[in-house]
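The following exercises concern the internal space and the helix packing of one protein model. Each task is followed by a solution in steps.

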Amino acid sequence: MRLLLADDDSFLLDMYAVKFIEAGHEVTAVRDGTEALAALRKGAVFDGVLLDMVMPGLSGLELIAVIKKEGLGGKDCKCLVLSNQGEQEDISAATKAGAAGYIVKAQAMPSEVVEKVTKMLTAA
């Protein structure tokens with residue numbers, strides 16, 4: 001699968017990129033919502049955009065809204081949130097914005113994140 005990972009935490013971004021690559025996925029990693037949007041607007045096609053809620057430039061919610069409004073990432077691209085913002089109101093806001101899934105970083109080991117993302121992206 002082709003994934004776009006957007007997170008301003010360099011350590012976590014690099015770690016998740018390595019985990020997804022080790023699992024056989026093609027990964028583009030960017031440091032914030034603005035970089036993610038730039039990559040998407042160049043016409044890049046992804047199976048999933050995995051994004052943090054709190055990032056400089058564009059927040060996760062803002063990024064999802066633009067992706068949905070402009071039809072970016074390809075027709076089958078799903079937005080998934082990977083964040084430490086774990087309150088129900090955050091999850092509800094992301095779902096309302098168009099996120100297909102939500103994973104709280106602190107509640108999942110990196111290998112579990114890879115499994116969950118793979119399941120979310122392959123679900124009908």
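**Exercise 1.** Determine how much space lies in the largest cavity of this predicted model, and characterise its lining.

*Solution.*
Step 1. The largest cavity holds about 50 Å³ of space. The structure has 1 cavity of 30 Å³ or more.
Step 2. The residues that line the largest cavity are Leu5, Ala6, Asp7, Leu12, Leu13, Tyr16, Leu50, Leu82 and Lys105.
Step 3. Two elements, strand S1 (2–6) and helix H1 (10–22), each give two or more residues to this lining. The largest share, 3 residues, comes from H1.
Step 4. Sorted by class, the lining comprises 7 nonpolar, no polar and 2 charged residues.

**Exercise 2.** Describe how helix H3 and helix H4 pack, and decide whether they are roughly parallel or roughly antiparallel.

*Solution.*
Step 1. Two packed helices are described by the angle between their axes and the distance between the axes.
Step 2. For H3 (residues 60–70) and H4 (residues 88–97), the angle is about 15° and the axes are 9 Å apart.
Step 3. Angles under 35 degrees count as roughly parallel; H3 and H4 are therefore roughly parallel to each other.
Step 4. The crossing of H3 and H4 is right-handed. H3 makes the contact through Leu61, Ile64 and Lys68, and H4 through Ala93, Ala94 and Ala97.
Step 5. By class, the residues of the contact between H3 and H4 are 5 nonpolar, no polar and 1 charged.

How values were computed
Residues numbered from 1 in each chain as written. Predicted model: local features only at pLDDT ≥ 70, side-chain atom pairs only at ≥ 80, totals over all residues. Heavy atoms only, no water. Axes fitted to C-alpha atoms, helices over the stretch in contact; angles between N-to-C directions. Helix = DSSP H or I, 4+ residues; strand = E, 2+ residues; numbered from the N terminus. Parallel < 35°, antiparallel > 145°, perpendicular 65-115°, else oblique. Left-handed = near helix turned anticlockwise from the far one by under 90°. Contact = heavy atoms within 4.5 Å. Nonpolar A, V, L, I, M, F, W, Y, C, P; charged D, E, K, R; others polar. 1 Å grid on protein atoms, 1.4 Å probe; cavity = no way out; pocket = protein on both sides within 12 Å on 5 of 7 lines; lining within 4 Å. Points joined across faces, edges and corners; volume = space filled by probe spheres on them.
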